[in-house]
Amino acid sequence: MRVRLAPIVERLLGDPFPGAIPVVVLDEDAFVRWFNAWREDPRHRKRLEARTLLWRRLGLMQPGHSFEARKAHASGVFHRRDQRIYLSANVLRQAMGKRTVAHELVHAHRYVTGLYEKWPEGWSDTETAFRCLAEGDAELWEDAVVLAQEGLDTKTAAKEAADRYVRGLWRFGLPAPSREWYALRALLHATYVEGARFAAVLSARGGREALEAAFKDPPTSTEQILHPEKYLGTEKDPPTRFGEADLQDALGEEWTRAASGDLGELLLRILFTRALGEERGERIAAGWDGCRYHLYRKEDGPTLLALITAWDTEHDAAVFGQAWCEWAGRRERRAFDVRTEVVAAGEKRSVTTQDGLVLTVRRGRDVVVVDGLRRGDGVAVLRTLWNSPREQVLR
């Protein structure tokens, strides 16, 4: 199958493979074991632990769940370090087998021709954006490979594949909020489908060359993936970047920092969609312009989540502040009251939960969130967040 599909990939992408790409076929159990083995690598373990803590704090992952692969989802991977394609034997017996092989061949071609050189390390919203571009690009060309194998010339196949996504024949649709593994399913769906739509918009504007250019000057946030015009505009819309805020002194020595990083529009959309409905979730997250989170915990288990966020407009900021408190209140599954005050700093909202006091304070287009205060009024925590260093963004 690889031998039949590789020449089509080469014709579509315009360059031959510089060498052979080994393919390793494993039975389903062996594939799952191989895929999960990377979690034991020290380079990944700490990052995955931090990601798991955040997702559990946001209610996006239940206790006992993890980021491990499972049999039902075992298929294929191009491993960049090994420069090999690993496939589950099970997928080769299915109708999707041809698509899986084509998809991984595209990844392999992009890697060996140097287009993955700017793939960010670690896990961040910027890395997620690059992953969306890479998976969306592979998804798009996978469709084109199938169309070409069915008899279309490569130029027509590429155009038809892009048109399908631009016309919205495939759309980002979240699974039912009650579904097990909701957030993981939603993130994977968005990575492939929204990524493919982004790639298709680029391809429709500038063909293969536009996609290659995107890998050399990649999107900087999932906001740009979800709203391609913010990447393609005359002036791109980069996110506001916040630096670290050390809350240790403000919280006390019994607290330790467990994780920190960026929260992008995509993950916030998934969060608020589950909590408040798909239409509201998309609308709340759409005004995102930047977010940094800091997660602290005590030895006995309590956690505190603090965020500094930036929004496109003051209205977007106010909507987010209200939405966060509403989501926090709904976690209690009982009646709650969001208190709103006008304070010197701006607009303050609060709600009391079993996790502690939740505060959001808006100042212009910025909002700080402290979720889980257990003593004091949080003034020192808020002050530290407001003083977070940031990159100047020119609009």
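Two strands count as paired if DSSP finds at least two bridges between them. In this predicted model, strands β7 and β8 meet that criterion, since five bridges join them. The two strands run antiparallel, with β8 covering residues 346–353. Within this pair, V342 has E347 of β8 as its bridge partner.

Both strands belong to an open sheet of seven strands. The order across the sheet is β4-β5-β6-β10-β9-β8-β7, and the pairing is antiparallel. The edges are formed by β4 (256–262) and β7 (339–343). Each edge strand pairs on one side only. On average, neighbouring strands are turned by 15° against each other, direction ignored.

Two helices accompany this sheet. Helix α14, residues 314–330, packs on the sheet. The strands touched by α14 are β6 (303–311), β7, β8, β9 (356–363) and β10 (366–373). The direction of α14 makes about 10° with that of β8. Helix α15, residues 379–386, lies across β5 (288–297), β6, β9 and β10. The angle between α15 and β10 is about 145°.

A separate pairing was found towards the start of the chain, between β1 (residues 23–26) and β3 (residues 84–88). These strands pair in the parallel sense, over four bridges. V24 of β1 stands opposite Y86 in β3. The two faces of β1 are covered unequally: V24 and L26 make up the covered face, whereas V23 and V25 lie on the uncovered one. In a regular strand the side chains alternate between the two faces of the sheet.

Among the helical residues, H109 was examined in detail. H109 sits in helix α5, which spans residues 97–112. The relative accessible area of H109 is 1%, so this histidine is buried; the cut-off for burial is under 20%. Leaving aside residues up to four places away in sequence, H109 touches V9, L13, D15, P16 and F17.

The cysteines were considered next. The structure holds zero disulfides. A disulfide requires two cysteine sulfur atoms within 2.5 Å. For C291, the closest cysteine sulfur is that of C325, and the separation is 15 Å, so the two are too far apart for a bond. The reverse search, from C325, leads back to C291 at 15 Å. Both residues are shielded from solvent contact by the stated criterion: C291 is buried at a relative accessible area of 3%, and C325 is buried at 0%.

Turning to the whole protein, the model contains 15 helices and 10 strands. The C-alpha atoms fill a box of roughly 65 × 45 × 35 Å along the principal axes. The radius of gyration is 22 Å. A compact globule of 395 residues would have a value near 21 Å, so the protein agrees with that expectation. Buried residues make up 53% of the 395 residues. Of the contacts with a separation of 6 or more, 66% link residues 24 or more positions apart. The accessible surface comes to about 18,400 Å², and carbon and sulfur atoms contribute 48% of that area.

Methods: Residues are numbered from 1 along each chain as its sequence is written. This is a predicted model: local features need pLDDT of at least 70, side-chain atom pairs count only at pLDDT 80 or more; totals for chains, interfaces and linings use all residues. Side-chain values use heavy atoms; hydrogens and water are left out. Axes are lines fitted to C-alpha atoms, for helices over the stretch in contact, and angles run from 0 to 180 degrees between N-to-C directions. Contact means heavy atoms within 4.5 Å. The radius of gyration is taken over C-alpha atoms; the globule rule is 2.2 Å times the number of residues to the power 0.38. Buried means under 20% relative accessible area, exposed over 50%, partly exposed in between (1.4 Å probe, protein chains only). Accessible areas come from the Shrake-Rupley method with a 1.4 Å probe; for residues, only the protein chains shown count as cover.
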